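Got your viewer open? Let's take a walk through this structure, one selection at a time.

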Amino acid sequence: MRISSMWPGQLLRPPPALREVHFWCVFPDEVDGSLLKHYEKLLSPEELADIPKARTQKLQTGRLLARTLVRSTLARYVNGAVDPSSLKFEKNSFGKPKVIWPALTTDGRPWQPPGLSFNLSHTTSIIACAVALDSAVGVDVEEKDRKLSSKLTTFARKKLSSTEADWLQDFTDTREQRHSFLQLWTLKESYVKAVGKGISGVPFKDFAFGLETSPEAREFLRKVMELPADSQAKLITLDLARSVAQREEAASSWKFVLFEPTPDHIASICVEDKQLLHDDSTHPFQVKAWKTIPMNSDECLHEGALGLGISQNCNFSLF
């Protein structure tokens, strides 16, 4: 069955534009259980076999929804050319997956699929997928009330860069310190996932983020995400240690957006800005965000969402 006949037409979308990232999230508690059997039909035998390995029913449902979100999100961009169940995936040596499109459409025609890259992140209460065109992308989502070490500054010394640990040490309010730690952690996760090497390939101590409150950041966030911006919105800078900088692109080629998709969650998107590398950054940088029930309904992410930070080195078209 063609995907266009399975979905309402308004759920099919054109691929992201240049310098544009799409963020899709699903909240497992909002998904009607009657849809789960339908979602199982989209998965490969290997994916189905992996689901029961999760310890609890809630985690099993999360695995099913995560795989469904990736398949349905990618398939919605090709105007019904392929069924989400026909997609295959392969992983690099660090475990980052990429999509392998079928050689033929559902009608048996040869075609040229779009150069979409994606990344997935999930907790028990939210699952998110970020998509970009011809650019590496990484995403991380965290629950704001996740359990953290009772000795947070000691933990930060072990896991983060010295400059980040020093910055966290200066917070006297434990709630602010906790929130700032989660911002740093989420940014770091999104970067190593975009690079495609994970923590083992790019240790967290090898690079550092700076977060500086700025009215400019609030203005950028309003334009880039079309969301309300926090009064303490931050400009984000990335400092790559020599060992990392020699292996990867310049720090300025990576763009970050930090935001709260809901008051209970924090998310970071990292994307490689290839247009900037080629001295063509006239196209406005944009992030579009939706919450979705896969193959059922979409809704723009507005209510309760809040912008927190954005790259200092972005070139924006403010209009």
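Leaving aside its neighbours within four places in sequence, which residues is T105 in contact with? Select T105 and look around: with those neighbours set aside, you'll find A81, V82 and W111 in contact with T105. Keep in mind as you click that this is a predicted model.

**Stop 1: around T105**

Now show the backbone there. T105 sits in the loop between β3 (97–100) and β4. Is T105 buried or exposed? Its relative accessible area is 7%, and buried means under 20%, so T105 counts as buried.

**Stop 2: the largest nonpolar core**

Next, select V31, Y39, L74, V82, W101, L116 and F118. Out of the 32 residues in the largest nonpolar core, these touch the most other members. You've already met V82, one of the contacts of T105.

Colour the elements that give two or more residues to this core: β1 (20–26), α2 (36–40), α4 (57–75), β4 (116–122), β5 (127–133) and β11 (286–293). Which of them gives the most? That's α4, with six residues.

Zoom in on Y39 while you're here. Not counting residues up to four places away in sequence, Y39 touches V31, L64, L65, T68, I293 and P294.

**Stop 3: α5 against α6**

Move along the chain and select helix α5 (residues 152–159) together with helix α6 (residues 162–169). Their axes come within 8 Å and cross at roughly 165°. An angle over 145 degrees counts as roughly antiparallel, so that's how α5 and α6 lie to each other. The crossing of α5 and α6 is right-handed.

Want to see who does the touching? Show side chains for T153, A156 and R157 on α5, then S162, A165, D166, L168 and Q169 on α6; these make the contact. Sort the residues of this α5 and α6 contact by type and you get three nonpolar, three polar and two charged.

**Stop 4: α6 against α7**

Keep α6 selected and add helix α7 (residues 174–195). Here the axes come within 10 Å, with a crossing of roughly 160°. So α6 and α7 are roughly antiparallel to each other, and their crossing is right-handed.

For the last selection, pick E164, W167, L168 and Q169 in α6, which meet Q177, S180, F181, L184 and K188 in α7. How do the residues of this contact of α6 with α7 divide? Four are nonpolar, three polar and two charged.

Notes:
Residues numbered from 1 in each chain as written. Predicted model: local features only at pLDDT ≥ 70, side-chain atom pairs only at ≥ 80, totals over all residues. Heavy atoms only, no water. Axes fitted to C-alpha atoms, helices over the stretch in contact; angles between N-to-C directions. Helix = DSSP H or I, 4+ residues; strand = E, 2+ residues; numbered from the N terminus. Parallel < 35°, antiparallel > 145°, perpendicular 65-115°, else oblique. Left-handed = near helix turned anticlockwise from the far one by under 90°. Contact = heavy atoms within 4.5 Å. Nonpolar A, V, L, I, M, F, W, Y, C, P; charged D, E, K, R; others polar. Core = buried A, V, L, I, M, F, W, Y, C linked by side-chain atoms within 4.5 Å. Buried < 20%, exposed > 50% of the residue type's maximum accessible area, 1.4 Å probe, protein only.
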